[in-house]
Amino acid sequence: MALDIVSTSVSFGGVQGVYKHASAATGTGMTFSIYVPPHAPGQKLPVVWYLSGLTCTHANVTEKGDYRRACAELGLIFVASDSSPRGEGVPDDPEGAYDFGLGAGFYVDATEEPFAKHYKMWSYVTEELPALVAEHFPADMTRQSILGHSMGGHGALTIGLTYPDRYRAVSAFAPIVAPGQVPWGHKALGGYLGPDRAAWRKHDAVALIEDGARVKELLVDQGEADGFLAEQLKPSLLAAACADARIAFTLRIQPGYDHSYYFISTFMEDHLRWHAERLG
């Protein structure tokens with residue numbers, strides 16, 4: 001699979017790159033960023049996957065996430081994908097809302113028209129992009145972990161729970177933990193997957209745990225001043241599901257913090273160190 005270089009810059013001794021490629025999964029061009037820390041020739045490095053939230057592209061965390069210093073120290077490759085397909089002919093929310101369509105792929109493979117052709121973010125993130133990274137970068141694909149923010153936290157949790165043998169660590173910042181029970185999820189899962197709520201359950205972290213999915217442990221940071229906390233995020237639902245399933249769950253409610261990258265960048269290093277311990 002061919003890659004086109006958008007940009008590369010040296011940072012903390014490693015290389016921050018942004019790349020484009022033609023995606024078979026989405027049928028569009030896709031852009032992602034990847035930071036490769038300094039390493040010895042021939043050395044393979046563990047990979048941390050980052051999934052972004054509503055309205056975001058790879059650029060939000062790349063420019064605001066403050067992860068490179070920690071990744072250089074810990075020897076972690078950090079990959080950030082886009083959050084939806086983009087380009088001519090890709091359908092958007094007909095009313096132009098921010099929480100559906102472009103920038104809001106919800107990390108599912110859509111089955112409903114007109115979204116089914118291009119909105120294949122589950123396949124892109126779990127199959128196509130990992131194969132591309134393994135081909136072109138010094139990635140040790142036996143050591144992977146995943147984290148994300150908001151909608152991307154939802155994606156990280158559901159992907160991590162679906163593939164527990166692939167991802168050694170799973171964490172999130174302010175995730176949508178139960179999209180089947182909140183307005184954002186009702187709109188997105190209904191629009192992409194249709195009205196049958198049984199089809200939604202594999203894209204709902206709480207439902208996955210209720211249905212038997214298991215990981216050893218989860219880490220979530222949540223800002224107490226987050227305006228979406230009460231209506232859209234509801235981390236207490238994940239806490240209850242983990243308690244019932246005996247999954248070790250660390251929920252850190254951070255006083256004064258909101259939903260922004262000021263919050264994410266503050267606790268990014270904590271998450272990366274937590275991941276590095278489990279990646280070995």
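## A walk through the chain, starting at W122

Start by selecting W122 and showing its surroundings: leaving out residues up to four places away in sequence, W122 touches Y107, V108, D109, E127, T158, I159, T162, Y163 and H203. Before you go on, bear in mind that you are looking at a predicted model.

**Stop 1: W122 itself**

Colour by secondary structure and you'll find W122 in helix α3. Is W122 buried or exposed? Its relative accessibility is 10%, so W122 counts as buried, the cut-off being under 20%. Now pick A110 and draw a distance to W122: the two C-alpha atoms are separated by 9.0 Å, with their positions 12 residues apart along the chain.

**Stop 2: T158, a partner of W122**

T158 is one of the residues that W122 touches, so hop over there next. T158 lies in helix α4, which runs over residues 151-162. How much of T158 is accessible? The relative accessible area is 0%, so T158 is buried. Show its contacts, again skipping residues up to four places away in sequence, and you get W122, K202, H203, D204, A205 and L208. H203 is worth a click here, as it turns up among the contacts of T158 and also among those of W122.

**Stop 3: A139, on a strand**

Next, select A139, which sits in strand β6 (residues 139-149). A139 and W122 are 17 residues apart in sequence, and their C-alpha atoms are 20 Å apart in space. With a relative accessibility of 7%, A139 counts as buried. Which residues does A139 meet, setting aside neighbours within four places in sequence? They are K44, L45, V47, I77 and V133.

**Stop 4: the nonpolar core**

Time to look inside. The largest nonpolar core holds 89 residues, and those touching the most other members are F32, Y50, F78, Y192, L238 and M268. Select those six and show their side chains. Which element gives this core its largest share? That's helix α9 (residues 261-279), with 8 residues.

**Stop 5: Y257, just ahead of α9**

Y257 is in the loop between β9 and α9. Its relative accessible area is 28%, so Y257 is partly exposed, between the 20% and 50% cut-offs. Measure across to D226 in your viewer: the C-alpha atoms are 6.6 Å apart, although the residues are 31 apart in sequence. D226 is also among the contacts of Y257, counted without residues up to four places away in sequence; the others are G223, E224, A225, Y262, F263, T266 and F267.

**Stop 6: three backbone oddities**

A bit of background for this stop: most residues other than glycine have a negative phi, and most peptide bonds are trans.

- Zoom in on E113 and P114. The peptide bond from E113 to P114 is cis, with omega near 5°. P114 belongs to the loop between β5 (77-80) and α3 (121-136).
- Move to T55, where phi is near 75°, a positive value in a residue other than glycine. You'll find T55 in the loop between β4 (45-51) and α1 (58-64), and at 49% relative accessibility it counts as partly exposed.
- Finish with R246, another residue other than glycine with a positive phi, near 60°. R246 is in the loop between α8 (235-245) and β9 (248-254). Buried or exposed? R246 has 79% relative accessibility, so it counts as exposed, the cut-off being over 50%.

**Last stop: zoom out**

Now show the whole chain as a cartoon. How many helices and strands are there? There are 9 helices and 9 strands. The C-alpha trace spans about 50 × 45 × 35 Å along its principal axes. A compact globule of 280 residues would have a radius of gyration near 19 Å, and the chain's 17 Å agrees with that.

Buried residues make up 59% of the 280 in the chain. Of the contacts between residues at least 6 apart in sequence, 72% join residues at least 24 apart.

Switch to a surface view to end. The chain exposes about 11,200 Å², and carbon and sulfur atoms supply 51% of that. Colour by charge and you'll have 22 positive and 32 negative side chains, with the centres of the two sets 5 Å apart.

Key. Residues numbered from 1 in each chain as written. Predicted model: local features only at pLDDT ≥ 70, side-chain atom pairs only at ≥ 80, totals over all residues. Heavy atoms only, no water. Helix = DSSP H or I, 4+ residues; strand = E, 2+ residues; numbered from the N terminus. Buried < 20%, exposed > 50% of the residue type's maximum accessible area, 1.4 Å probe, protein only. Contact = heavy atoms within 4.5 Å. Rg over C-alpha atoms; globule rule 2.2 N^0.38 Å. Areas by Shrake-Rupley, 256 points an atom, 1.4 Å probe, with all protein chains shown as cover. Lys, Arg positive; Asp, Glu negative; His and termini not counted. Charge placed at Lys NZ, Arg CZ, Asp CG, Glu CD. Core = buried A, V, L, I, M, F, W, Y, C linked by side-chain atoms within 4.5 Å.
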